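Open your viewer, load the model and keep the sequence panel beside it. We will go from one selection to the next, with a short note at each stop.

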Amino acid sequence: MAIPIAAVSVCNLYRSEPRAWAQDVKAQRVALSAIARGDERRLSPLQRVFAYVPLEHAENMDFQQIPVEQFGVLRAEIPRNNVSVAQNFSIMLGDIAR
């Protein structure tokens with residue numbers, strides 16, 4: 001899962017330069033493969049959010065819908081007894097899904 005997170009960092013590092021988006025396709029493929037295999041479910045909730053970022057920012061609208069669905073799954077998996085984490089994730093995931 002390092003490639004999607006690295007791709008986000010590269011995008012910020014080379015902002016407004018073509019190389020900022022040079023790894024987008026690779027990051028999207030890795031994210032899609034991880035979701036298809038269920039590999040991202042082995043990550044912490046915060047890591048999962050970052051794993052979905054390459055799809056969230058994709059030009060392809062179908063790709064953008066996938067993290068919205070995954071954020072809903074993630075929100076449902078956050079333990080209800082961990083109130084502060086659940087509240088923070090609900091706020092953050094609600095904002096992202098809009």
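Here is the tour, starting with the whole chain and moving on to single helices and residues.

**The whole chain**

Begin with a cartoon view coloured by confidence, since this is a predicted model. The mean pLDDT of the protein chain is 76, and 65% of its residues reach 70 or more. Now find helix 1 (residues 2-13), which has the lowest mean pLDDT among the elements, 53. Helix 2 (residues 24-37) has the highest, 91.

Switch to colouring by secondary structure and you will see 5 helices and 0 strands. Read along the sequence, the pattern is α-α-α-α-α. Of the 98 residues in the chain, 28% are buried. Among contacts with a separation of 6 or more, 48% are between residues 24 or more positions apart.

**Helix 2**

Select residues 24-37. Helix 2 has 14 residues, which at 1.5 Å a residue should span 20 Å; the end C-alpha atoms are 20 Å apart, so the two agree.

Next, show side chains for A27, Q28, A31, A34 and I35, which are buried. These residues cover an arc of only 130° around the axis, so they sit on the same side of helix 2. An α-helix has 3.6 residues a turn, so residues three or four places apart point the same way. Turn to the face directed away from the buried side, and you meet the exposed residues R29, A36 and R37. Just after the helix comes G38, with a positive phi near 80°.

Stay with Q28 for a moment. Is Q28 buried or exposed? Q28 counts as buried, because its relative accessibility is 12%, under the 20% limit. Show what surrounds this glutamine: leaving out residues up to four places away in sequence, Q28 touches P54, L55, A58 and F63.

**Helix 3**

Select residues 45-56, which form helix 3. With 12 residues at 1.5 Å each, helix 3 should span 16 Å, and its end C-alpha atoms are indeed 16 Å apart. Colour R48, V49, A51, Y52, V53, P54 and L55, the buried residues of this helix.

Now centre on L55. Setting aside its neighbours within four places in sequence, L55 is in contact with Q28, A31, L32, I35, F63, Q64, I66 and P67.

**Helix 4**

Move on to residues 61-77, helix 4. Its 17 residues reach 25 Å from first C-alpha to last, close to the 24 Å expected. Show P67, Q70, F71 and L74, which are buried. Seen down the axis of helix 4, the buried residues fall within an arc of 110°, so they line one face. On the other side you will find M61, D62 and A76 exposed.

Q70 deserves its own selection. Q70, in helix 4, counts as buried because its relative accessibility is 13%. Beyond residues up to four places away in sequence, Q70 touches I35, E40 and Y52.

**The nonpolar core**

Which residues make up the largest nonpolar core? Select A31, I35, V49, Y52, L55, F71 and L74, and you have its 7 residues. Helix 2, helix 3 and helix 4 each supply at least two of them. The largest share, 3 residues, comes from helix 3. In soluble globular proteins, nonpolar side chains tend to be buried together.

**The aromatic pair**

Keep Y52 and F71 selected and draw their rings. The chain has a count of 1 aromatic pair. The ring centres of Y52 and F71 lie 5.6 Å apart and the planes meet at 70°, so the pair is edge-to-face. Y52 belongs to helix 3 and F71 to helix 4, 19 residues apart, and the pair links distant parts of the chain. Y52 and F71 are both buried.

**Last stop: I78**

Finally, select I78, in the loop between helix 4 and helix 5 (83-97). I78 is buried, with a relative accessible area of 5%. Add P45 to the selection and look at the C-alpha atoms of the two residues: I78 and P45 are 33 residues apart in sequence, and 7.8 Å apart in space.

Terms used. Residues numbered from 1 in each chain as written. Heavy atoms only, no water. pLDDT = per-residue confidence, 0-100. Helix = DSSP H or I, 4+ residues; strand = E, 2+ residues; numbered from the N terminus. Phe/Tyr/Trp six-rings, centres within 6.5 Å; stacked < 30°, edge-to-face > 60°. Buried < 20%, exposed > 50% of the residue type's maximum accessible area, 1.4 Å probe, protein only. Core = buried A, V, L, I, M, F, W, Y, C linked by side-chain atoms within 4.5 Å. Contact = heavy atoms within 4.5 Å. Expected span 1.5 Å × (residues − 1). Arc of directions from axis to C-beta.
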